[in-house]
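Reader: I am new to this structure and would be grateful for a guided reading of it. May I put some questions about how its parts are arranged?

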Amino acid sequence: MSTPSQRHVLVGVTGGIAAYKTAELVSRLIKRGDLVTVAMTDAATRFVGVETFSSLSGRPVLREPWGAFEDHESQHVALAGQADIMIVAPCSMNSLSKFAAGFASDMVSLLVAAIDRAQTPVLLAPSMNAAMWNQPATQRHVATLQQDGFTVLMPETGWQACRTEGCGRLPEADSLIEAIDAAIIHPQSS
Ligand SMILES: Cc1cc2nc3c(=O)[nH]c(=O)nc-3n(C[C@H](O)[C@H](O)[C@H](O)COP(=O)(O)O)c2cc1C
């Protein structure tokens with residue numbers, strides 16, 4: 001549970017090469033005093049170890065929808081109700097499609113599905129190579145998600161992990177934090 005002056009930020013990490021940049025985001029949020037809970041997909045753990053995020057956040061990383069139940073309450077329901085905001089960074093093409101279609105089959109998509117976005121904004125930061133970003137399916141899903149009330153943080157253009165220039169880079173931690181602060185509905189007065 002966060003203290004009254006603390007924001008509780010849920011960070012979903014999915015399977016993209018930019019997952020290493022999310023470690024910086026979590027570190028910066030913790031440094032400024034936020035409570036951060038990280039959830040990872042299986043693919044995300046191929047890019048950054050669970051221990052990196054548990055060490056940086058000082059909390060267990062959520063991996064398993066069938067994990068710990070507290071007082072007989074599902075952890076995704078409890079967390080969805082406690083969080084002030086959720087950001088999925090990087091948001092893979094695969095997870096973006098799942099969110100657009102309403103799938104809830106892993107810890108990250110389950111949390112996204114359990115959040116009431118009228119109370120708790122959900123920011124999605126897609127990151128993928130330019131070909132994946134330009135797919136009609138990806139662009140269709142982005143439009144659907146925006147219509148459904150998600151905030152999609154547009155990827156940047158520049159040097160990509162596939163060693164070409166293109167659109168699909170995850171914005172740096174500074175921009176993600178700015179977007180989080182702009183989106184939080186009930187800012188605390190700390
Ligand atoms: C080396 C490698 C790098 C990848 N990088 C990305 C990426 O940057 N963005 C993306 O959308 N998918 C990327 N993928 C594909 C995803 O990891 C894959 O679609 C996975 O199923 C995503 O699962 P998730 O959405 O459950 O995390 C990459 C795959 C590999 C093997």
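**Helices, sheet and ligand shell**

Author: In this predicted model, helix H1 passes helix H8 in a right-handed crossing. The contact of H1 with H8 has four nonpolar, no polar and three charged residues.

Reader: Which residues of H1 and H8 meet?

Author: The contact draws on both helices. From H8 come Ala173, Leu176 and Ile177, and they are met in H1 by Lys21, Glu24, Leu25 and Arg28.

Reader: Are H1 and H8 parallel, perpendicular or oblique to each other?

Author: Two packed helices are described by the angle between their axes and the distance between the axes. For H1 (residues 19–31) and H8 (residues 173–183), the axes come within 9 Å and cross at roughly 50°. That angle makes H1, relative to H8, oblique.

Reader: How are H1 and H2 oriented to each other, roughly parallel or roughly antiparallel?

Author: The axes of H1 and helix H2 (residues 50–57) come within 9 Å and cross at roughly 15°. Angles under 35 degrees count as roughly parallel. The two helices, H1 and H2, are therefore roughly parallel.

Reader: Which class of residue is absent from the contact of H1 with H2?

Author: H1 contributes Ala23, Val26, Ser27 and Ile30, while H2 contributes Thr52, Phe53, Leu56 and Ser57. By class, these divide into five nonpolar and three polar residues, and the class with no member is charged.

Reader: Which strands stand at the edges of the sheet?

Author: Five strands form an open sheet with parallel pairing, in the order S2-S1-S3-S4-S5. A strand at an edge has a single partner strand, so one side of it is left without a neighbour in the sheet. The edge strands are S2 (35–40) and S5 (151–152).

Reader: What is the bridge partner of Val11 in S2?

Author: Strand S1 (residues 8–13) and S2 pair in the parallel sense over six bridges. In S2, the partner of Val11 is Val38.

Reader: What angle does the direction of H8 make with that of S3?

Author: H8 packs on the sheet and touches S1, strand S3 (85–91), strand S4 (122–126) and S5. With the direction of S3, that of H8 makes about 150°.

Reader: Which helix gives the most to the shell around the ligand?

Author: The shell around the ligand divides into seven nonpolar, eight polar and one charged residue. Of its 16 residues, Gly15, Gly16, Thr41, Ala43 and Ser92 come nearest. The helix that gives the most, with three residues, is H4 (residues 93–101).

Notes
Residues numbered from 1 in each chain as written. Predicted model: local features only at pLDDT ≥ 70, side-chain atom pairs only at ≥ 80, totals over all residues. Axes fitted to C-alpha atoms, helices over the stretch in contact; angles between N-to-C directions. Helix = DSSP H or I, 4+ residues; strand = E, 2+ residues; numbered from the N terminus. Parallel < 35°, antiparallel > 145°, perpendicular 65-115°, else oblique. Left-handed = near helix turned anticlockwise from the far one by under 90°. Contact = placed C-beta atoms within 7 Å. Nonpolar A, V, L, I, M, F, W, Y, C, P; charged D, E, K, R; others polar. Near = placed C-beta within 6 Å. Pairing = 2+ DSSP bridges.
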